[in-house]
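This briefing gathers points on one structure, grouped by topic for reading beside the model. Please keep the sequence and the coordinates in view while going through the bullets.

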Amino acid sequence: MTDFTATRAMFDLPEGVIYLDGNSLGPLPRAAKARVAETVAAEWGQMLITGWNKAGWMAQPMRLGDRIGRLVGAQPGTVVVGDTLSIKVFQALASAVQLRPDRKVILSDTGNFPSDLYMADGLCRMLGRGYSLRTVAPEAVEAAIDETVAAILITEVDYRTGRRHDMARLTAKAHAAGALAIWDLAHSAGAVPVDLAGGGADFAAGCTYKYLNGGPGAPAFIYVAPRHAEAALPALSGWLGHAAPFAFDLDYRPGPGIERMRVGTPPVIQMAALEAALDVWDGVEMADLRTKSLELGDLFIAGVEAACPMLSLATPRANDARGSQVSFRHPEGYAIMQALIARGVIGDFRAPDILRFGFTPLYIGAEEVGRAVEILAEVMAGGLWDRAEYRQRAAVT
Ligand SMILES: *Cc1c(COP(=O)(O)O)cnc(C)c1O
């Protein structure tokens, strides 16, 4: 059994805050402070350039990749860390369409995060020659997979509603039609059990600053199924994905397997924070995490529905059909969220009308959920959100 009291003690959360936004930016793991300070002082400071070998900086993207791999059901040697999720999505897409050269359609859904769609659109424009991105409603993806589709690009858990796609089922449907399946795990990694190998995913990508708590700007990760690892050609053919980066050949030769998905110099200090964040996961069973996260979500849904009839649930009620967040709709969602934040309950808002709350058992328990419901009920019943200052939109919502 996972000891969630122990994991909670590993985080440094500000006094008086109920943090329900780990789905956007995970909080600071205590050990990350010391690890980053040590990397800066003892490694960068003392080792200088020799840190690439002595401190193992160069091997870190693969080492961290393997640790993330354990959390998403990927075999060792199939995940590498680097860049940002948008870039990793682009790489996965570019390699996938190159593996299906007779097909020109990338299929995604209208619930996907815009950056994924923008990257797909940008790739299609760059390729020209009839490539196109087709988007359909989330419920219509399965029926839209046909023999024109090179790859489906699906985010498993919807960033707004928390609705969860069936990875194994859609992947099987894609394969039956001769297409490849690319999964975005932004709201899955560290949130729900994921079985990339068992589910047959061809490519996957995710970020580490959300549920994995790697810190703002922490690098992303990419997975390539072993059956494609030597065939997938990286579109972003940077020197660190070369077979022999330090030979400085003028010609590009892709590195072995997943290593070819590396692009350039890895972010050493960010990786130090991420490494400390991943230590927290060593004692965590994903099945325990899932059970607890659904309990917390159910508790929140029941409490809010009983106390706040003016909020409507945007997240599927069925446990199987959702990830680790719960969202409610209200036309004044932005102001309501600002009023909550002013009272120490931190969630976030997604246009046009979504109030989003993430449930992260590593550091949130039933008591905080109960308290968050009480505060939300006070804000709604008293109309406490109805103030000009809460309507002032900041750059980041
Ligand atoms: C958070 C998120 C991103 C963010 O991409 P970055 O390049 O890391 O900024 C992309 N896609 C999805 C589905 C997300 O939820």
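Pro352 is placed in the loop between β14 and β15, and in this predicted model the peptide bond that leads from Ala351 to Pro352 is cis, with omega near 5 degrees. Most peptide bonds are trans, and most residues other than glycine have a negative phi. A departure in phi is found at Asp83, which is not a glycine and yet has a positive phi of about 60 degrees.

**Backbone and loops**

- Asp83, with its positive phi of about 60 degrees, belongs to the loop between β4, residues 79–82, and α5, residues 85–99.
- The cis bond from Ala351 to Pro352 falls in the loop that runs between β14 and β15, and both of these strands are members of the sheet described next.

**The four-stranded sheet**

- Four strands form an open sheet in the order β11-β12-β15-β14, and their pairing is antiparallel.
- The edges of this sheet are β11, residues 312–313, and β14, residues 348–350, each of which pairs on one side only.
- Strand β12, residues 325–329, is joined to strand β15, residues 354–358, by five bridges in the antiparallel sense, and Arg329 stands opposite Ile354 of β15.

**The ligand and its surroundings**

- The ligand takes up the space of the largest pocket, and the residues around the ligand are Thr84, Leu85, Ser86, Phe113, Asp116, Thr155, Asp184, Ala186, His187, Tyr209 and Lys210.
- Sorted by class, this shell holds four nonpolar, four polar and three charged residues.
- Among the polar atom pairs, a polar side-chain atom of Tyr209 is 2.7 Å from an oxygen atom of the ligand, while a polar backbone atom of Leu85 lies 3.4 Å from an oxygen atom of the ligand.
- On the side of the ligand's nitrogen, a nitrogen atom is found 3.4 Å from an N or O atom in the side chain of Asp184.
- Taken on its own, the ligand has 390 Å² of accessible area, of which the protein covers 85%.

Methods
Residues are numbered from 1 along each chain as its sequence is written. This is a predicted model: local features need pLDDT of at least 70, side-chain atom pairs count only at pLDDT 80 or more; totals for chains, interfaces and linings use all residues. Side-chain values use heavy atoms; hydrogens and water are left out. A residue is near a molecule or strand if one of its heavy atoms lies within 4 Å of it. A polar contact is a pair of N or O atoms within 3.5 Å; within protein, one must be able to donate a hydrogen and the other to accept it, and residues adjacent in sequence count only if both atoms are side-chain atoms. Accessible areas come from the Shrake-Rupley method with a 1.4 Å probe; for residues, only the protein chains shown count as cover. On a 1 Å grid over the protein atoms alone, a cavity is a set of points where a 1.4 Å probe fits but cannot get out, and a pocket is an open set with protein on both sides within 12 Å along at least five of seven lines; lining residues have an atom within 4 Å of a point. A molecule sits in a cavity or pocket if more than half of its atoms lie within 2 Å of its grid points. Ala, Val, Leu, Ile, Met, Phe, Trp, Tyr, Cys and Pro count as nonpolar, Asp, Glu, Lys and Arg as charged, and the others, Gly among them, as polar. Two strands pair if DSSP finds at least two bridges between them. Helices (H or I, at least four residues) and strands (E, at least two) are DSSP runs, numbered from the N terminus.
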